[in-house]
Amino acid sequence: MEKLKLATVWLGGCSGCHMSFLDLDEWLFDLAAAVEVVFSPIADVKQFPEQVDVTLIEGAVANEEHLELVRMIRARSRMVISFGDCAVTGNVTAMRNVLSSSAEAVLNRAYRELPTFNPRIPDEAGIVPPLLERVLPVHAVIPVDVFLPGCPPPAPRIRAALQALIEGKTPEMIGREMLKFG
Amino acid sequence: MNFEELTQLAERERAAQHAMPFQIHVCAGTGCHAAGSEMVAKALEGEVARSTLKGKVLVKCVGCRGLCASGPIVEVEQQQPNAEPASVLYAHVRPEDAPEVVRSIGGEPVERLFLDTNQPFFTRQLKIVLEDCGKIDPERIEDYIARGGYRALFKVLDEMTPSEVIDEITHSGLRGRGGAGFPTGLKWATVAKANPQRYPTYVPPGVQSQKFVICNGDEGDPGAFMDRSVMEGDPHRVLEGMIIAGYAVGANQGYIYVRAEYPLAVKRLRTAIRQAQRVGLLGNNIAGTAFSFNIDIRLGAGAFVCGEETALIASIEGGRGLPRPRPPYPAEYGLWGCPTLINNVETLANIAPIINRGAAWFASIGTAKSKGTKVFALTGQVKNTGLIEVPMGITLREIVFDIGGGIPNGRKFKAVQTGGPSGGCIPEQYLDTPVDYESLTALGSIMGSGGLIVMDDSTDMVEVARFFMEFCMEESCGKCIPCRAGTAQIHHILTKFQTGRATMRDLRLLEELCDVVKHASLCGLGQSAPNPVLSTLRYFRHEYEAKLRSDGYAYGHANGAAEEALSHVQ
Amino acid sequence: MSVVTLKINDQDVSARDDATVLQAAREAGIHIPVLCYLEGLSAVGACRLCLVEVAGVNRLLPACTTRVQEGMMVQTNTPRLQNYRRHIVELLFAERNHVCAVCVANGNCELQALAIEVGMDHVRYDYMFPALGVDLTHERFGLDHNRCILCTRCVRACDEIEGAHTLDVLGRGAKARIVTDLNMPWGESPTCTSCGKCAMACPTGAIFKQGSTVAEMVHHPEKLAFLKVARERREWRV
């Protein structure tokens, strides 16, 4: 029997979902026995691999790199999971969407108005990905198989979902324990 | 005023009119007015005053003649002994044509302006509601009385009990002309037997009635001007219908709710009310009977939703125009908590003819379930745009191609939209459908209040749906969620179609959402708002599909459930 | 007063003849979701979440305003109704900027609870992201239009329970807004009594006590029903 190939990615979010993932504490040992982590912010892998079974996507689609990456993830993953509120709803990351010309507005605020030293918008072509005009939840760009909401999703919720997937079952996302946003 | 005095007044007026051998009727309806008929009337008056015919020709402004596309329309009538006056109709009359028109009076008509009244536009119509519209001076009660006006009221007051009146209306088969087609007689009967004490009421001081009659003149469909033409062209007909309704249901106070955007209708109605009061046809003890009835006008601020009866009532009460759930229906719990009869302008305009000529006559016109005639505002890509009145059961093809004269500019017919923003688009293959309430509903449209928009083959049906949805979105009152947020989302999705951003997922979501808005909304506005989308999806789905983005994904799980996707790790 | 019997979800239920379907269901322990309805306030039938199917009626009826009738057969939770309810909740989340993670009412929010109840794991609609303001001019309360669902519970509480009618709705459709008096800053309202009943009534974090931070704002909608019963029947049930 093969081990389940698990990937986790971090897009436009605060990494809180990954922190909550690490909050699984000693269950991480059980998880490590059941899955092979093939790509993750906490694993030193540069290129998103082929033939991934399950990918957890934290964060919203906020820049062009995210856009390219989620499309690649979809093409290379059997199951895609929106992991946390930013991936599911846009959440805090998408709060800039209420501004007109929101990308320009947030960049100006962060890099021109607030800094006291060398105010300048970073624009290194090929290195700094341009922001999208609107932040999007993942399912607005690619089909998503399971939605795992929460800001962050509590560790027991992540465990319940992963446990089901390890057993080859679709996680049952019902009830306050599994479904509460925020 | 008693019946004898009414008859005398009618005789006097007719005699006075006959003393003038010629009459010039200048259409002052919406379309002709916009085309400059006021200047034409002035020019004609001036020309008559200068001519040898001075004192023999009466120039009067009348209500809508119907063929707005050919406006301004002028009719020259010549009195004939013991016969209907002979008349000639002129189209596209300019002020500079006045001398020629006046010179021709009594002689040969002006060939170049001549409008053939034997064309199907005129011959295929049947006028009941509009029979006097375009004939009488709407600002003179005497003119209405001279043509038999208020006879029905006297017949009712002198010869009929309220329940006999209701029976007559019931037997006529008249159904509400506001769009839904509820049987008018049944509504009247419900109000008549409703107990004013059943619900707590909050009638303001000074209002002396336990039941009310409301005339719904809040015509809001884009491009529709049926009620407007009746109110502007023949206001007394509406008043007479209301007074009879008040007598039948036991109400002593009526309100006409009319849009403030119809200043001329408001002015004419105010004049008509004042005139009727002056001769004792409105007020206390009408015609010496114990029956008293008053009518006041309430102006709407132009919200489409106020055409919905409960929102209209809230607006008359002075609140925001918001609908409320029914039941209880206004017939039992209406204005200030009292039983209230609320009828459309056109419905009320049908009352006097039914009383005068009898229920059997009215029931002989139309189809098995839809009796009488219907007024339509015929607009869009059709040659003869204008106001028409046709018997129920006429086919859409006859309306579009015979009366309407077909599609201009050598283009082909594509669809006809009935019912305005609440209706649907009907394609070519259903053009032989008879116009009645049930047939149109079966096609996914509605009779509606009478807007009829013809579209040619250059029309983008998704854009049509988007246009009407924008209207509904703007006009949603915002009270209930499916209508407020749902119409905005439908509009958003349709805009995605029009900007090349829609995917299969949007198409499916659009269909689901239309179902939600249609069935979960509080009032008729939301419940019917998806109709233009649903009907175009039904008949022109390929136009939606042609606009789909190919690289977008269909909604749903791409790789199926985990049981299938992850079977290899088990 | 007489008693009628009806069936709700195939369960026999008896109720006073002037009761609504919602009251009858609640007394029988049958849950029907609501948002604009609040015990103690008049029912307006606006949120459409309490729509039920009644045998022999071809339209869906709101349980909060529909009177019970003898022999009525009511279904409150069919797949069709579940589908509509989820759509309605999704429409609300997409309409304005509801960000549970940073909301004062997180964990104490009726909209959030409804999303769980209807099984909303994500919103299928595009978010509208309207630019809306927050009124913080009142010394004790704040009004965040981003979180408002226009249920008008605050408007009715202010009018019917407090009698101030400071709050009302401005505009129509998606542009509708809760306003104080004639659309002036709340802090300048001459009619507001600062009673806080609007904050009790609010189902979301739209009206909140100044100084509350994420997940701190607990509303007390039940206090309004208590006040009404106490005033009208002189019963002080806690």
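Reader: Is Thr170(A) buried, partly exposed or exposed?
Author: In this predicted model, Thr170(A) sits in the loop between α6 (155–166) and α7 (176–179) of chain A. A residue needs 20 or more C-beta neighbours within 10 Å to be buried, and 12 or fewer to be exposed. Because Thr170(A) has 19 C-beta neighbours inside 10 Å, its class is partly exposed.

Reader: What separates the C-alpha atoms of Thr170(A) and Asp23(A)?
Author: Along the chain, the two residues are 147 residues apart. In space, the separation of their C-alpha atoms is 22 Å.

Reader: Which residues touch the most other members of the largest nonpolar core?
Author: That core has 266 residues. Leaving aside neighbours within four places in sequence, the contacts of Val26(B) include Val40(B), Val59(B), Cys61(B) and Pro72(B). A second, separate core of 46 residues includes Met79(A) and Ile81(A). In the largest core, the residues that touch the most other members are Val26(B), Leu44(B) and Ile244(B).

Reader: Which element gives the largest share of the side of chain C that touches chain B?
Author: The contact draws 26 residues from chain B and 25 residues from chain C. On the chain C side, 16 are nonpolar, four polar and five charged. The largest share there is seven residues, and they come from α2(C).

Reader: At what angle do helix α20 of chain B and helix α2 of chain C pack?
Author: Two packed helices are described by the angle between their axes and the distance between the axes. Here α20 covers residues 481–498 of chain B and α2 covers residues 79–95 of chain C, with the axes 9 Å apart. The crossing is left-handed. The angle is about 60°.

Reader: How many residues of the contact of α20(B) with α2(C) are nonpolar?
Author: From α20(B) come Ile481(B), Pro482(B), Ala485(B), Gly486(B) and Gln489(B). They meet Ile88(C), Leu91(C), Leu92(C), Ala94(C) and Glu95(C) in α2(C). Two of the contact residues are polar and one is charged, while the nonpolar ones number seven.

Reader: Which are the edge strands of the open sheet in chain C?
Author: Five strands form this sheet with mixed pairing, in the order β2-β1-β5-β3-β4. An edge strand here pairs on one side only. The edge strands of chain C are β2 (11–16) and β4 (61–62).

Reader: Which residue in β4(C) stands opposite Leu51(C)?
Author: Strands of a sheet pair through backbone hydrogen bonds, either parallel or antiparallel. Strand β3 (residues 51–54) of chain C and β4(C) run antiparallel and are joined by two bridges. Opposite Leu51(C) stands Pro62(C).

Methods:
Residues are numbered from 1 along each chain as its sequence is written. Chains are lettered from A and ligands numbered from 1 in the order in which they are written. This is a predicted model: local features need pLDDT of at least 70, side-chain atom pairs count only at pLDDT 80 or more; totals for chains, interfaces and linings use all residues. Axes are lines fitted to C-alpha atoms, for helices over the stretch in contact, and angles run from 0 to 180 degrees between N-to-C directions. Helices (H or I, at least four residues) and strands (E, at least two) are DSSP runs, numbered from the N terminus. A crossing is left-handed if the near helix is turned anticlockwise from the far one by less than a right angle, and right-handed if clockwise. Two residues are in contact if their C-beta atoms, placed from the backbone, lie within 7 Å. Ala, Val, Leu, Ile, Met, Phe, Trp, Tyr, Cys and Pro count as nonpolar, Asp, Glu, Lys and Arg as charged, and the others, Gly among them, as polar. Two strands pair if DSSP finds at least two bridges between them. A nonpolar core is a set of buried Ala, Val, Leu, Ile, Met, Phe, Trp, Tyr and Cys residues joined through C-beta atoms within 7 Å.
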